[in-house]
Amino acid sequence: MIKKEAPPPWYRLRRYLHFDNPLGLKKAELLVTDTTAVARHSFWPLIQFEIESAKIRKNKATGKISTKIKKRPISYAAHSDSQIFSYYCQLLSEAYESEILTRELSNSVLAFRSLGKSNIDFAKQAFDTIKTMGDCTALAFDITKFFDTLSHRILKQQWKELLKAPQLPPDHYAVFKAVTRFSFVDRNSAFAALKISVHNPRTGGKRRLCSPSQYRDLIRGANLIKTNPKGVGIPQGTAISALLSNIYMLEFDSMASDFVQRNGGTYMRYCDDILFLIPLEKKKITEDFLSEELKKLEISINPDKTEARNFTVTDGLQNADRPLQYLGFLFDGQRITIRPAAFAKFSNRMKKGVSLAKLTKNKRDKLRLTNGAQERPLYCKKLFTRYSHLGKRNFLRYGYSAAHLMNSKAIRRQLRPLWTRLQREINKENK
């Protein structure tokens, strides 16, 4: 039996509905490898929607928990555009990884790279470094609206330098324009104009959202297409966006790495999370360095998410003046734990899941009783899969994996009550 040849790593058949049809491998290859075709390609508007994430905080003074909903726009490209973005992402990634090796930044730049590691590994790497350093300061910073504030001028310059070219080649320039001067359509508005259900868009075996004439009349003709009017920002969600954010930060990463080497420290960046681990006496010059270098990049740090934690060793034990929060974990010099907010978020999600299961059961029981059948007990298999250690991919499995990799008994203690809480919620709902 002849084995089917695997497609190239850049190719992926995406089945979502967009303004064009999905591209098979042969058509995609003909398009993306033809630099003239890419340079002349007319990119479709992105389709954009918002995802909501709950930020849960506990007021230490009052003990009250508050929830703030954070909205983040996510965009996805048309099928032909997506294949181009993916192909050029691979081309640029090869050049970028070569630079990373040359500049010895492999242990500093952590996100959006094929390292075979997760945020658990990176957090452990940071905490292990702190333990090794003994007396030190951890400075953690978060860039404000990272993707939304990237300067197009600086991105273009970094792109050219990566290619070692005085100007972007026409095909690269077309891709650059597509992710900077991008246009987009709100998903809900487009689906409403086309009378398509957001929840079940593929009814009738659709392969594309609309015909070219419908696009002209109902989308473009209805002024649903918006453009990025600013000289900053790239869309989140395209196949090339994450890599471009790393390319944007390449010179900063290099400067930061050189800085910490001169000052006996360590530098790590995970997307927009920046971490400096430096000797106690180097705190001020590190803050000054960061402020000056980020000004050059025309981006700023979020003061609400800035942390400075001092670690000191007394009688052989390392302790922090306050626990360091990094990539979802807390470290106080002795213990590693998962942020309490993660448990509050999980608890809310679990309670809603059990409640929905109960409502579904009640609805079906009414039909059963009408048909003369008996009621059935609450179906728990899916609940156990999602909210207990019996599942394979859920919060608890993530927690147990972190506890194992970090050798943290404290995380295991945090996870221990969750099974009882799930059982209690199930029993309460049954009543």
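1. Cys 271 makes a good starting place in this predicted model, because at 12% relative accessibility the residue falls under the 20% cut-off and so counts as buried. Its place in the chain is the loop between strand 6 (266-270) and strand 7 (273-278). The backbone of Cys 271 also deserves a look, since its phi is near 60°, a positive value in a residue other than glycine. Most residues other than glycine have a negative phi.

2. A second residue with a positive phi is Lys 164, where the angle is about 55° although the residue is not a glycine. Lys 164 sits in the loop between helix 5 and helix 6. Is Lys 164 buried or exposed? With a relative accessibility of 63%, Lys 164 counts as exposed, because the value is over the 50% cut-off. A student can set this beside Cys 271, which is also in a loop but counts as buried.

3. For the chain as a whole, the secondary structure comes to 16 helices and 12 strands. The C-alpha atoms fill a box of roughly 80 × 75 × 55 Å, taken along the principal axes. The chain has 431 residues, and 44% of them count as buried. If one takes the contacts between residues at least 6 apart in sequence, 70% of them join residues at least 24 apart.

4. Helix 6 (residues 170-180) follows the loop that holds Lys 164, and this helix is mostly covered, with 8 of its 11 residues buried. The buried residues are Asp 171, His 172, Ala 174, Val 175, Phe 176, Ala 178, Val 179 and Thr 180. Which helices do these residues pack against? Their partners are helix 2 (35-40), helix 3, helix 5 (152-163) and helix 9 (241-248).

5. Helix 3 (residues 79-102), one of those partners, contains Ser 82. Ser 82 counts as buried because its relative accessibility is 4%, which is under the 20% cut-off. If residues up to four places away in sequence are not counted, Ser 82 touches Arg 14, Tyr 16, Ala 77 and Ala 239.

6. Gln 48 lies in strand 1 (residues 46-58), and at 17% relative accessibility this residue, too, counts as buried. Leaving aside neighbours within four places in sequence, Gln 48 is in contact with Pro 73, Ile 74 and Ser 75, and also with Phe 184, Val 185, Asp 186 and Arg 187.

7. An open sheet of 3 strands can be followed in the order 10-11-12, and its pairing is antiparallel. The edges are formed by strand 10 (324-326) and strand 12 (336-338), each of which pairs on one side only. From one strand to the next, the twist averages 30°. Helix 4 (residues 119-133) packs on this sheet and touches strand 10, strand 11 and strand 12, while its direction makes about 10° with that of strand 11. Strand 10 is joined to strand 11 (residues 329-331) by 3 bridges, and the two strands run antiparallel. To find the pairing by eye, one may begin at Tyr 326, whose bridge partner in strand 11 is Phe 329.

8. The second largest pocket has a volume of about 380 Å³. Its lining is made up of 15 residues, and those nearest its centre are Ala 357, Thr 360, Arg 364, Tyr 379 and Lys 382. Which helix gives the largest share of the lining of this pocket? Helix 12 does, with 7 residues, and helix 12 (340-370) and helix 13 (381-387) each supply at least two. By kind, the lining of this pocket divides into 7 nonpolar, 2 polar and 6 charged residues.

9. Lys 361 is also in helix 12, and this lysine is buried, with a relative accessible area of 13%. Although a reader may expect a charged side chain to need separate checking, the relevant figure here is simply under the 20% cut-off, and so Lys 361 counts as buried. Not counting residues up to four places away in sequence, Lys 361 touches Arg 368, Glu 375, Arg 376, Pro 377 and Leu 378. For one of these contacts, the residue pair Lys 361 and Glu 375, the separation is 14 residues in sequence and 8.7 Å in space, taken from C-alpha to C-alpha.

How values were computed: Residues are numbered from 1 along each chain as its sequence is written. Side-chain values use heavy atoms; hydrogens and water are left out. Two strands pair if DSSP finds at least two bridges between them. Helices (H or I, at least four residues) and strands (E, at least two) are DSSP runs, numbered from the N terminus. Axes are lines fitted to C-alpha atoms, for helices over the stretch in contact, and angles run from 0 to 180 degrees between N-to-C directions. Contact means heavy atoms within 4.5 Å. Buried means under 20% relative accessible area, exposed over 50%, partly exposed in between (1.4 Å probe, protein chains only). On a 1 Å grid over the protein atoms alone, a cavity is a set of points where a 1.4 Å probe fits but cannot get out, and a pocket is an open set with protein on both sides within 12 Å along at least five of seven lines; lining residues have an atom within 4 Å of a point. Grid points are joined across faces, edges and corners, and a volume is the space filled by probe spheres set on the points. Ala, Val, Leu, Ile, Met, Phe, Trp, Tyr, Cys and Pro count as nonpolar, Asp, Glu, Lys and Arg as charged, and the others, Gly among them, as polar.
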